[in-house]
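Visitor: Hey, can you walk me through this one? I'm new to reading structures.

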Amino acid sequence: MHAIGYTQHLPLDDPHGLIDFDLPQPTPLAHDLLVQVTAVSVNPVDLAVRGNHDPLDPQHPTVIGWDAYGTVTAVGAAVTLFQPGDAVFYAGSFKRPGSNSEYQLVDERLVGHAPTNLTPAQSAAMPLTSLTAWEALFEQLGIDPHADNHGQTLLVINGAGGVGSVATQLAHWAGLTVIATASRPETIAWTQAHGSDAVVNHREDLVPQVRELGHQYVDYVLELSNLNQHWNEIVDLIKPSGHIVSITGSDTPIDLRALKAKRATFAWEWMYTKSYFETPDMVSQHQILEEVRQLLDNGTLQSTLTQTIQPLNAENLMAAHKLVGSHHMMGKVVLEK
Ligand SMILES: NC(=O)c1ccc[n+]([C@@H]2O[C@H](COP(=O)([O-])OP(=O)(O)OC[C@H]3O[C@@H](n4cnc5c(N)ncnc54)[C@H](OP(=O)(O)O)[C@@H]3O)[C@@H](O)[C@H]2O)c1
């Protein structure tokens, strides 16, 4: 089967950063689905791994990619949730070969049935960012989407990127007042069209901008860009007893003591935690994707697809990595077979 992978950490503008090659088609065991992949999306994690992580096997290129739409062609003996012929979407596991190949093995507990009212590209744009936004809001911040959340305010730092474009929609659906950050006319308009009630500029101090909107404090902060850069603003803006979640790494220590007087809580979100540690609630990613599918199919959520590139080959995938590497993505880029 055709696959795309890397053997060395090359810069984004190096044409050999990713290469096309052939691999044997894998066989599904236990909870595995064998999926024929037809569309994939690119996330910042693809760039981070291609740029920094040692290849899994020095003999072969390493296949990455964590967003996919495809069709199940075979199943392992323990599979109960899917059957051959099902259209699926998923973000998969950090520890296994990725979606940048013709066929991929993925554990059924990480997979959802694909939306029926969306195109394959629109569906492929969604899984990783939806899982991240859902877990951050409804698990790590503890927001109950079915409770009455009116009057509760959420600040989303990076409202128009891949994760922010879903998070603002989910928070709006849950009834929160959403303040999102964006810095350009197109990203401001995009986040307003995807659930934000107000927009502030992350290139300027967020504190006076949020206060000018009439919010001395916010109940929740969802940090999706650079925790170090925005930490002091978050500490100032979080309400006493409020809740903060970050999905980004931190290259210097974060001073949690700054939250003590407000007794605010801080949590990390890592979309791969459940599959990485094979936690007992790993199947919740299947359940989240099934809920996201329904929200997409009934029009509550919009796909965040903004660009489609064809065909899926190393050259085009590298072009998509470059787009994501600009740090100015609005929504998602997808590659189709
Ligand atoms: N923990 C997890 O499970 C997880 C999951 C997914 C992603 N992530 C991480 O989360 C981050 C966001 O991912 P993503 O896919 O949403 O990113 P993305 O799509 O690449 O984000 C692009 C957006 O970032 C905005 N931006 C640029 N500089 C900013 C700043 N200083 N402050 C706030 N926003 C800024 C840009 O807005 P303007 O152009 O308007 O400036 C642009 O719209 C990445 O670091 C990624 O690695 C973690």
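Guide: Sure, we'll go through the ligand, some helix packing and a couple of backbone oddities.

Visitor: What kind of model is this, and how are residues numbered?
Guide: It's a predicted model, where local features need pLDDT of at least 70, side-chain atom pairs count only at pLDDT 80 or more, and totals for chains, interfaces and linings use all residues. Residues are numbered from 1 along each chain as its sequence is written, and side-chain values use heavy atoms, with hydrogens and water left out.

Visitor: Okay, which residues come nearest to the ligand?
Guide: Ser183, Thr187, His202, Met271 and Met329, out of 26 residues around the ligand (near means a heavy atom within 4 Å).

Visitor: And which polar side-chain atoms lie by its oxygen atoms?
Guide: Asn158 has one 3.2 Å from a ligand oxygen, and His328 has one 2.8 Å from a ligand oxygen. For a ligand nitrogen, there's a polar side-chain atom of His230 at 3.0 Å.

Visitor: How much of the ligand does the protein cover?
Guide: 87% of the 950 Å² of accessible area that the ligand has on its own (areas come from the Shrake-Rupley method with a 1.4 Å probe).

Visitor: New topic: at what angle do H3 and H9 pack?
Guide: About 105°, with the axes of H3 (residues 127-140) and H9 (residues 284-297) 10 Å apart. Helices here are DSSP runs of at least four residues and strands of at least two, numbered from the N terminus. Axes are lines fitted to C-alpha atoms over the stretch in contact, and angles run from 0 to 180 degrees between N-to-C directions. H3 and H9 are therefore roughly perpendicular (that label covers 65 to 115 degrees).

Visitor: Which residues meet there?
Guide: Among them are Trp134 and Leu131 in H3, and Ile288 and Leu295 in H9 (contact means heavy atoms within 4.5 Å).

Visitor: How do H1 and H10 pack?
Guide: H1 (residues 44-52) packs against H10 at about 110°, with the axes 9 Å apart, so H1 is roughly perpendicular to H10. Pro44, Asp46, Leu47 and Arg50 of H1 make the contact with Met318, His321, Val324 and Gly325 of H10.

Visitor: And the backbone oddities?
Guide: Most residues other than glycine have a negative phi, and most peptide bonds are trans. Ser241 has a positive phi of about 70° although it isn't a glycine, and Ser241 sits in strand E12 (residues 238-246). Gln310 and Pro311 are joined by a cis peptide bond, with omega about -10°.

Visitor: Where's Pro311?
Guide: In the loop between strand E14 (305-309) and helix H10 (314-325).

Notes: Parallel < 35°, antiparallel > 145°, perpendicular 65-115°, else oblique. Polar contact = N/O pair within 3.5 Å; in protein donor to acceptor, adjacent residues only side chain to side chain.
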